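Trainee: I would like a close look at one part of this model, starting from the inside and working outwards. Please take me through it step by step.

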Amino acid sequence: MARVAAKKALELDPTLLLAHHNLGRALSSKGDNRGGIEEIRKAEKIDPDFLPAHVNLAIMLNMEHDWSAAIAEARLALSLDSNNED
């Protein structure tokens, strides 16, 4: 359901940040991490400071055993998190 709605939204406007992000999460939740990563990266291009995209990308990269990229995304997410005191 979420995939269908996000795809329809992106047909209407391919620059919708949340549609890319939600589609990426939906794809990953169905086992398509590569597709999820692709969509999350599109969301990051639209808004490089969108914290949830970096968090979810780090998780997906970890699931794909791309450790160095996952760590880099996690560090970037921490740097964007205003609640992070480190």
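Trainee: Which residues make up the largest nonpolar core?

Mentor: Keep in mind that this is a predicted model. The largest nonpolar core has 11 residues: Leu17, Ile37, Ile40, Ala43, Phe50, Ala53, Leu57, Met60, Leu61, Ala69 and Ala70. Helices H3, H4 and H5 each supply at least two residues of this core. The most comes from H4, which gives 4 residues. One member, Phe50, is in contact with Leu17, Leu18 and His21 when neighbours within four places in sequence are left aside. There is also a second, separate core of 5 residues, which includes Ala6, Leu10, Ala19 and Leu27.

Next, take helix H2. Helix H2 runs over residues 17–29, which makes 13 residues. From its first C-alpha to its last, H2 reaches 18 Å, close to the 18 Å expected at 1.5 Å a residue. The buried residues of H2 are Leu17, Ala19, His20, His21, Leu23, Gly24, Ala26, Leu27 and Ser28. What covers these buried residues includes helix H1 (2–12), H3 and H4. After H2 comes Gly31, whose phi is positive, near 95 degrees.

His20 is worth a separate look. His20 lies in helix H2. What makes His20 buried? The residue has 7% relative accessibility, and buried means under 20% relative accessible area, so His20 counts as buried. Not counting residues up to four places away in sequence, His20 touches Leu10, Pro14, Glu39, Ile40, Lys42, Ala43 and Ile46. Among these contacts, Leu10 is included in the second core, while Ile40 and Ala43 belong to the largest core.

Now follow the contact from His20 to Glu39. Glu39 has its place in helix H3, residues 33–46. With a relative accessibility of 9%, Glu39 also counts as buried. Leaving aside neighbours within four places in sequence, Glu39 is in contact with Leu10, His20, Leu23, Gly24 and Leu27. Of these, His20, Leu23, Gly24 and Leu27 are listed with the buried residues of H2.

Glu39 is charged, and this leads to the salt bridges. In general, side chains of opposite charge can pair when their charged atoms come close. The model has 3 salt bridges. In one of them, the side chains of Glu39 and Lys42 meet at 3.3 Å, N to O. Glu39 and Lys42 are separated by about one helical turn because they are 3 residues apart in helix H3. Lys42 also meets the side chain of Glu38, in a salt bridge of 3.6 Å, N to O. Glu38 and Lys42 are 4 residues apart in H3, so they too are separated by about one helical turn. Glu38, Glu39 and Lys42 are thus linked in a network of salt bridges.

The members of this network differ in accessibility class: Glu39 is buried at 9% relative accessibility, while Glu38 is partly exposed at 46%. Lys42 is partly exposed as well, with a relative accessible area of 32%.

Another salt bridge joins the side chains of Arg34 and Glu64, at 3.4 Å, N to O. This pair links distant parts of the chain, 30 residues apart: Arg34 is in helix H3, and Glu64 is in the loop between H4 and H5. Arg34 is exposed, with a relative accessible area of 61%. Glu64 is partly exposed, at 27%.

The loop that holds Glu64 also holds His65, between helix H4 (51–63) and helix H5 (67–80). His65 is exposed, with a relative accessible area of 55%. Phi of His65 is near 65 degrees, a positive value in a residue other than glycine. For background, most residues other than glycine have a negative phi.

That leaves the outside of H4. Val55, Ile59 and Met63 form a nonpolar patch on the surface, with about 250 Å² of accessible area together. Ile59 has its place in helix H4. Ile59 is partly exposed, because its relative accessible area is 44% and partly exposed covers the range between 20% and 50%. H4 therefore appears on both sides of this account: H4 gives 4 residues to the largest core, and Ile59 of H4 is part of the surface patch.

Definitions and conventions. Residues are numbered from 1 along each chain as its sequence is written. This is a predicted model: local features need pLDDT of at least 70, side-chain atom pairs count only at pLDDT 80 or more; totals for chains, interfaces and linings use all residues. Side-chain values use heavy atoms; hydrogens and water are left out. Buried means under 20% relative accessible area, exposed over 50%, partly exposed in between (1.4 Å probe, protein chains only). Contact means heavy atoms within 4.5 Å. A nonpolar core is a set of buried Ala, Val, Leu, Ile, Met, Phe, Trp, Tyr and Cys residues joined through side-chain atoms within 4.5 Å. The expected span of a helix is 1.5 Å times one less than its number of residues. Patches are made of residues with over 30% relative accessible area and no salt bridge: like charges are joined within 9 Å, nonpolar side chains (Val, Leu, Ile, Met, Phe, Trp, Tyr) within 5 Å. Accessible areas come from the Shrake-Rupley method with a 1.4 Å probe; for residues, only the protein chains shown count as cover. A salt bridge is a side-chain nitrogen of Lys or Arg within 4 Å of a carboxyl oxygen of Asp or Glu.
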